[in-house]
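Work through the following exercises with the coordinates open, and compare each step with the solution given beneath its task.

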Amino acid sequence: MSIRAQAISVRLGQNDVLHGVDFHAHPGEITAIVGPNGSGKTTLMRALTGEVPYRGKVEIAGQDIKLAPAWQLAGRRAVLPQAMTLAFPFKVAEVVRMGLMMGTHSTDPSLPSRALAEVGLAGFEGRYFQELSGGEQQRAHLARVLVQVWQPVGDDGPCWLLLDEPVSSLDIAHQLEVMGVISSYAQRGGGVVAVMHDLNLTALKADRMAIMKGGRIFATGRPNDVMTDAILSEVYGCRIRVGVNPEVPTPFVLPHTATLR
Amino acid sequence: MAIPANEPLVDRRQRARRTHWVLSFVLLAVAMLSLTTGATGMTLFATLSKVLAGEPLTQLEKIVFWDIRGPRLVLGLLVGASLAVSGAVMQGIFRNPLADPGLIGVGAGAGLGAITAIVLGGFLPAVVAGLIGYWLVPIAAFFGGWVSTFILYRVSTRHGRTSVATMLLAGIALGALAGAVSGILIYLADDNQLRDLTFWGLGSLAGATWSKVLVAGPMIGIAMVAALFLGRGLNGLSLGEAAAFHLGVNVQRLKNGAVMTVAAATGGAVAVAGGIGFIGIIVPHLLRLATGPDHETLLINAALLGAIFLLLADLIARVIVAPAELPIGIVTAVIGAPVFLWILLRRRGLVDL
């Protein structure tokens, strides 16, 4: 039922971007992929979605994604890319409705509005997509992604959200709101893999994390176990201090004061 | 959360579906008008009442309605629909409202195919010529259109993103090249072929015959039916190739299908009517303004409005200097060029050419 990637290598142009990465994610959990810029997070994500040519094997629930037709994958996993463009003047509701395109899940006409309400965009249906702010566009795309795999557990097993920096252009309140939506999806049995930049948010919300460095996975495990001064300082190449959140027993991250000078 | 300036949510899909019916009725009316208007001054009503009264039609009336206006009407309908639909499909695949087969060299490529067939068709082995027969010119036009669309896409699209500047510039270059090769072929042509070429190059529905309808009809018909299956995929593609794939679209198959459809529609239209410009730009653009960019409804409405538009342009071309007539390309260009400029001006801030 899980996503398993074995020995994934990706070459883009002249550069080897991933060097034989193994990656697992389980339904019912949020698995975060973190790491510095250029460490291969997005490339790993794009291998998991089948978007970039790779060597190795990616399986969703035991099925090799290279052998699955696009429409079948679309019923299994929905993908939020990092940056998107929209070619024609569609309205918000029309963009969200594209998630229903292949009709693999419910075709309930109220679904786009419900998904928009989930991401805090109730009432935005009739607005032109291109006139939304960057953060609003990101949340509208998330609504489209949610609509595509609306039931966290479908008829043939759990579904997956594959999200590349889902909260990168959101303010702190909307970051929490969106992470809440994602957590709820995982709690209801769906699987979530998310590329994240904000280590504190990752510590709060992720069940598992894979820390990448230089096209390899440097450490994997629960945030409490792998977010340590030593690992993070090594991976990011700057001195980082990890403390314990006073409210909940999760780590939080601060730059070492020496680096502020 | 910011309070959205909520404009009333109009479901444009409903409006677009109602538009199917409105346009169908308008098309019917325009078709009647086209049948009853012409240099001879006969009217459909007079003829109909004659038929209903059981009087036999005169030989002249039979010729005018059956041999002249009939095929012209059907050909106009086919060509108008195919030009508008190939414009809409092309814009969907290039993700840009300025892509039009006539403007970016696909029409010229189809034209080169047609000219090659007219000039060099005689050199084909008799077996092949007998097999293809009348369809030689439209099939050659199809290949010309297919090759130029394919080259254009390969040149202007990298990693699923189309560069508008490259597309327009490559289109100009391709068009010039096709024009030059066409010129060489025209130079080589003998007198008989020159006569054919001149008639063909006028870009007109004059000289429409049932055999021309038979020549272009099947190819355009197949292209129109194929276009119906492209709508969903083109909607997904408006988010980019990767997102379309994530939504479940087989992108490679969609692109191949779209390019073949454009080539067949443009090739069929160019083979029988020469180069008629701007319909592929104006019609989809007006429809997007009225009912939104959803390709599932846009493609059907484009076929209907394209047919209406071309029949009206043909009507103007026939009436304005009667009993002579203008090439229809002049009429569509006089209306279309300003509309094209208007689109450019409106979008100047949005599109980085």
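**Exercise 1: a short helix in chain A**

Helix H1 of chain A, residues 41-48, is mostly covered, with seven of its eight residues buried. The model is a predicted one. Task: determine which residues of H1(A) are buried, and what the phi of A:Gly50 is.

Solution. Begin by counting, for each residue of the helix, the other C-beta atoms within 10 Å of its own, where 20 or more make the residue buried. The residues of H1(A) that are buried are A:Lys41, A:Thr43, A:Leu44, A:Met45, A:Arg46, A:Ala47 and A:Leu48. Then turn to A:Gly50, which follows H1(A) and has a positive phi, near 85°.

**Exercise 2: the first helix of chain B**

Task: establish how far H1(B) reaches from its first C-alpha to its last, which of its residues are buried, and what covers them.

Solution. Helix H1 of chain B runs over residues 12-36, and its 25 residues reach 35 Å, close to the 36 Å expected at 1.5 Å a residue. Next, list the buried residues of H1(B), which are B:Arg12, B:Ala16, B:Thr19, B:Leu23, B:Leu27, B:Val30 and B:Ser34. To interpret such a list, recall that an α-helix has 3.6 residues a turn, so residues three or four places apart point the same way. Finally, the cover over the buried residues of H1(B) includes three helices of chain B, namely H3 (59-94), H13 (279-291) and H14 (295-319).

**Exercise 3: a helix pair in chain B**

Task: describe how H3(B) and H14(B) cross, and say how the residues of their contact divide by character.

Solution. Two packed helices are described by the angle between their axes and the distance between the axes. Here the axes of H3(B) and H14(B) come within 7 Å and cross at roughly 140°; H3(B) and H14(B) are therefore oblique to each other. The crossing in which H3(B) passes H14(B) is right-handed. Among the residues that make the contact are B:Gly80, B:Ala84 and B:Ala88 of H3(B), together with B:Ala302, B:Gly306 and B:Phe309 of H14(B). Sorted by character, the residues of this contact comprise 16 nonpolar, five polar and one charged.

**Exercise 4: where the chains meet**

Task: find how many residues each chain brings to the contact, and which element gives the largest share on the side of chain A.

Solution. Chain A contributes 28 residues and chain B contributes 27 residues. On the side of chain A that touches chain B, helix H2 (70-76), strand E6 (77-80) and helix H3 (92-97) each supply at least two residues, and the largest share, three residues, comes from H2(A). That side of chain A divides into 18 nonpolar, six polar and four charged residues.

Notes:
Residues are numbered from 1 along each chain as its sequence is written. Chains are lettered from A and ligands numbered from 1 in the order in which they are written. This is a predicted model: local features need pLDDT of at least 70, side-chain atom pairs count only at pLDDT 80 or more; totals for chains, interfaces and linings use all residues. Helices (H or I, at least four residues) and strands (E, at least two) are DSSP runs, numbered from the N terminus. The expected span of a helix is 1.5 Å times one less than its number of residues. A residue is buried if 20 or more other C-beta atoms lie within 10 Å of its own, exposed if 12 or fewer, and partly exposed in between; C-beta atoms are placed from the backbone. Two residues are in contact if their C-beta atoms, placed from the backbone, lie within 7 Å. Ala, Val, Leu, Ile, Met, Phe, Trp, Tyr, Cys and Pro count as nonpolar, Asp, Glu, Lys and Arg as charged, and the others, Gly among them, as polar. Axes are lines fitted to C-alpha atoms, for helices over the stretch in contact, and angles run from 0 to 180 degrees between N-to-C directions. Angles under 35 degrees count as roughly parallel, over 145 as roughly antiparallel, 65 to 115 as roughly perpendicular and the rest as oblique. A crossing is left-handed if the near helix is turned anticlockwise from the far one by less than a right angle, and right-handed if clockwise.
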